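User: Got a minute to walk through a model with me? I'd like a plain tour of the chains and how they meet.
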Amino acid sequence: MTAVLDRETAHPTHERPALGEVKGIPFTRLVRVELRKMTDTRAGRWMLIVMAAISLLVVSINLIWGSNADQTFGTFLGLTSFPLMILLPIVGIMAATAEWSQRTGLVTFTLEPRRGRVLAAKNVAGVLLGLGVIAAAFVAAALAQLLAVWFNGVDADWSMPWKVVLGFVVAMTVFVIQGLAFGFALLITPLAIVASILLPTIWSIVAGISERLNSIGAWLDLNRTVEPLMSGTMTGEQWAHLGTSSLVWIGIPMLIGAWRVLTREVK
Amino acid sequence: MITVENLTKRYGQFTAVDDISFEVQPGSVVGFLGPNGAGKSTAMRMMTGLTPPTSGRSTILGRDYHALPNPARHVGVMLDAAAQHPGRTGKEVLHLVGMTIGAPKSRVDQAMDMVGLTPAEAKRRVRNYSLGMRQRLGLAGALMGDPQVLILDEPANGLDPQGIHWMRQLLRAYADQGGTVLLSSHLLHEVQIIADELVMIGRGRIVAQGSKAELLGAGGTRVHSLDNDALANALQAKGFEVSGDRSGILVQASPEEVGRAALDAQIVLTELHTAGSEGLEQLFLSLTAADSREPQAA
């Protein structure tokens, strides 16, 4: 890098690279910056710490009050899915909307005017963060299993078919991406969070009203369509259910969000 | 080098920016002046790709902003110093910019040094910054990429006189080294000292543009002497337009012409200068009076 602007003299102190010589910003660097942006504030960091801690809380409850038969690694992990189903979308939402809640878009989009790349980088960073929270759940479950062996005297049961493990990770990631999609579509943090939390509730109500609505829910209720993933028993039809619900609750909001982010005026 | 050609922005029926065109040459500082709501910020956002123009175009260094790979290395932009996450430290803000554009880590300290932020201040979170510190941080961010062009929206906003003096020096030195600066401001006196050219905008349209000398020369000369009446007569006899008010005589002539007239009439002068700042303020107020928010005097 060349020398600093010399305030004392009026002489040119250095030359700058020609327009053609400067390359664009590599995508991986954009992702690294987005990841850093999500974790460099107290708010961001604590949100992730709290989410990791909630996994611990949930497994502790089972550890202390659960029956011995339930103290298997698989059960512990399965229990973490309940809070994670609600929290992971929030990870996604925060990743998507942080730029708009703080107006930092004025800086971000002047540094990289090709917004599609920034959008993609936020998606990747959001998923990576989500994977981090999921990893914390695995750690919590493992810890709980060990503690169950030491304190409750149960035999460790680490058996978990790889399909179930993979299914769990994929299902949880789906929730992160759903959050990202909602976040980009709405661009208002609290609105997106409320919408994301209300969605399963509304579905339960709707499904309870009539048999017909219940069968529609089989295709469109994201919480239901990921269940077979987590138990490792996806059939062809269930993949179709998952695909449809993903299209409706992830694909469409993501498209809306992409259109909004790419064309919106940044003030 | 910045060019703006017929840039227009309409929001439904409302025209925020109406067919503006101007150029900023390398090595010069252009002051973009206008009352609140005149369209300055909107125009700057269009130049930096944040707002899509309704029609017209603007180029920086010959290219559309979107076509600049890593624009911060060529154009330093500061549109709103307050647009920062309050939970981040100043150093972190600059670090993020540096990371994005690929600047070496040492650049953060250099930039802070250039704008006068101490290492202690850099470690504080932006929510604990004073207005002046935020402006300095914003300017540091714009300078991180060591750009050839600076686009600054109200950079002197909230700075104390010392801060304004410092910014003036910085931008002047920057332009003298060949950099290009476009800054918008309400502070007529400051812009007048630092800018070479002025572009005045009112209600989205350019109402006046040109070099400082052209625009201010039109203001005339202010003169005070030991015998103002005699001087006024002498000047009128020579065909110059003279108007008097409480602070002396205003003559539509160059200081040289007034001086010679005084010399011929053997009148001692006590004050002689271009109507400079008042001229600019008058110009600004008159040209934008129709768009001003002040209640019109009956």
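**Domains, fold and contact**

Analyst: Sure. In this predicted model, the C-alpha centres of domain 1 and domain 2 of chain B are 41 Å apart.

User: Where do those two domains of chain B run?

Analyst: Domain 1 of chain B covers 2-211, and domain 2 covers 220-274.

User: OK, switching to chain A. How many helices and strands does it have?

Analyst: Chain A has eleven helices and zero strands. Reading from the N terminus, its elements go α-α-α-α-α-α-α-α-α-α-α.

User: What box do the C-alpha atoms of chain A fill?

Analyst: Roughly 80 × 50 × 30 Å along the principal axes.

User: And what percentage of chain A is buried?

Analyst: Of its 267 residues, 37% count as buried. As for contacts in chain A between residues at least 6 apart in sequence, 77% of them link residues at least 24 apart.

User: Now the contact between the chains. How many residues come from each?

Analyst: Chain B puts in 42 residues and chain A puts in 34.

User: Which helices of chain B supply at least two residues each to the side touching chain A?

Analyst: That would be α2 (90-101), α3 (106-115) and α6 (161-176) of chain B.

User: Which of them gives the most?

Analyst: α2(B), with six residues on the side of chain B that touches chain A.

User: And what's the make-up of that side by class?

Analyst: The side of chain B that touches chain A has 18 nonpolar, 17 polar and seven charged residues.

Notes: Residues are numbered from 1 along each chain as its sequence is written. Chains are lettered from A and ligands numbered from 1 in the order in which they are written. This is a predicted model: local features need pLDDT of at least 70, side-chain atom pairs count only at pLDDT 80 or more; totals for chains, interfaces and linings use all residues. Domain bounds come from an automatic or database domain assignment. Helices (H or I, at least four residues) and strands (E, at least two) are DSSP runs, numbered from the N terminus. A residue is buried if 20 or more other C-beta atoms lie within 10 Å of its own, exposed if 12 or fewer, and partly exposed in between; C-beta atoms are placed from the backbone. Two residues are in contact if their C-beta atoms, placed from the backbone, lie within 7 Å. Ala, Val, Leu, Ile, Met, Phe, Trp, Tyr, Cys and Pro count as nonpolar, Asp, Glu, Lys and Arg as charged, and the others, Gly among them, as polar.
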